[in-house]
Amino acid sequence: DPPAISRAILTEMVRQAAGQLDSDPVEAAERLGAANPGWSSVDVDAKAEAMAQLDHEAARAVLLDNGDWDGGLADLTNPAAAGVPTWIIRGDPGAGGMLPDAALPPFEALIGADHLITLLGAPHAPQRTHPIELTQALLHALGSS
């Protein structure tokens with residue numbers, strides 16, 4: 001689910017996340033588990049540990065100092081990418097996917113609409129909530145390339 005979101009949206013996401021930063025993995029796991037009941041305990045614990053170890057200033061810089069995120073579109077237009085079989089597997093924008101419908105036309109023009117898979121009901125991290133559907137999409141893409 002390659003994000004194609006504006007710096008303004010990223011700024012708001014960073015602002016909201018600032019109130020959820022935990023240096024204690026146990027506290028983070030409790031909050032994450034409550035907020036994401038569909039996640040496995042392994043995913044909750046791994047994310048909580050990652051949040052505890054995160055260099056918050058570095059993450060903030062990556063998110064906010066690079067302008068709008070284009071979902072990789074600029075990379076796909078690089079001549080070096082010509083001929084490389086490319087698929088986009090995205091979460092459902094209505095469920096938290098970060099590649100909105102409005103961003104799809106340029107991707108479809110470059111890689112073809114048949115190389116774009118939307119996992120209905122899946123958020124930005126579909127491996128946590130839709131592992132079967134994601135695996136099926138990956139196998140389809142690999143078998144078709």
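# Briefing: contacts, burial and salt bridges

In this predicted model, a polar atom of the His115 side chain lies 2.8 Å from the backbone oxygen of Thr86. His115 belongs to the loop between H6 and S2, and the points below start from that loop, move to helix H6, and then turn to salt bridges and the surface. A search of the whole structure finds two salt bridges.

**The loop between H6 and S2**

- His115 counts as buried because its relative accessibility is 16%, and the cut-off for buried is under 20%.
- When neighbours within four places in sequence are left aside, the contacts of His115 are Thr86, Trp87 and Ile88.
- Thr86 therefore appears twice around His115: as a residue in contact with His115, and as the owner of the backbone oxygen 2.8 Å from a polar side-chain atom of His115.

**Helix H6**

- Helix H6 spans residues 104-111, and its buried residues are Leu104, Phe107 and Ile111.
- These three residues lie on the same side of H6, because the arc they cover around the axis is only 65°.
- The packing partners of the buried H6 residues are helix H5 (73-77), strand S1 (88-91) and strand S2 (116-119).
- Gly112, just after H6, has a positive phi of about 95°.

**Salt bridge between Arg90 and Asp101**

- One salt bridge joins the side chains of Arg90 and Asp101, with an N to O distance of 2.6 Å.
- Arg90 is in strand S1 and Asp101 is in the loop between S1 and H6, so this pair ties together parts that are eleven residues apart in sequence.
- Arg90 has a relative accessible area of 4% and is therefore buried.
- Strand S1, which holds Arg90, is also among the elements that the buried residues of H6 pack against.

**Salt bridge between Glu12 and Arg15**

- A salt bridge also links Glu12 and Arg15, whose closest N and O atoms are 2.5 Å apart.
- Both residues lie in helix H1 (residues 7-18), three residues apart, which is about one turn of the helix.
- Glu12 counts as partly exposed because its relative accessibility is 31%.
- Arg15, at 53% relative accessibility, counts as exposed, since the cut-off for exposed is over 50%.

**Nonpolar surface patch**

- Leu138, Leu139 and Leu142 make up a nonpolar patch on the surface, and together they have about 320 Å² of accessible area.
- Leu138 is located in helix H8 (residues 131-144).
- With a relative accessibility of 41%, Leu138 counts as partly exposed.

**Exposed residues and separations**

- Val26 sits in helix H2 (residues 25-35), and Val26 counts as exposed because its relative accessibility is 52%.
- From Val26 to Leu116 the C-alpha separation is 38 Å, and the two residues are 90 residues apart in sequence.
- Ala82 is placed in the loop between H5 and S1, and Ala82 counts as exposed because its relative accessibility is 60%.
- The C-alpha atoms of Ala82 and Ala34 are 44 Å apart, for a separation of 48 residues along the chain.

Terms used
Residues numbered from 1 in each chain as written. Predicted model: local features only at pLDDT ≥ 70, side-chain atom pairs only at ≥ 80, totals over all residues. Heavy atoms only, no water. Buried < 20%, exposed > 50% of the residue type's maximum accessible area, 1.4 Å probe, protein only. Helix = DSSP H or I, 4+ residues; strand = E, 2+ residues; numbered from the N terminus. Arc of directions from axis to C-beta. Contact = heavy atoms within 4.5 Å. Polar contact = N/O pair within 3.5 Å; in protein donor to acceptor, adjacent residues only side chain to side chain. Patch = residues over 30% accessible without salt bridge, like charges linked within 9 Å, V, L, I, M, F, W, Y side chains within 5 Å. Areas by Shrake-Rupley, 256 points an atom, 1.4 Å probe, with all protein chains shown as cover. Salt bridge = Lys/Arg side-chain N within 4 Å of Asp/Glu carboxyl O.
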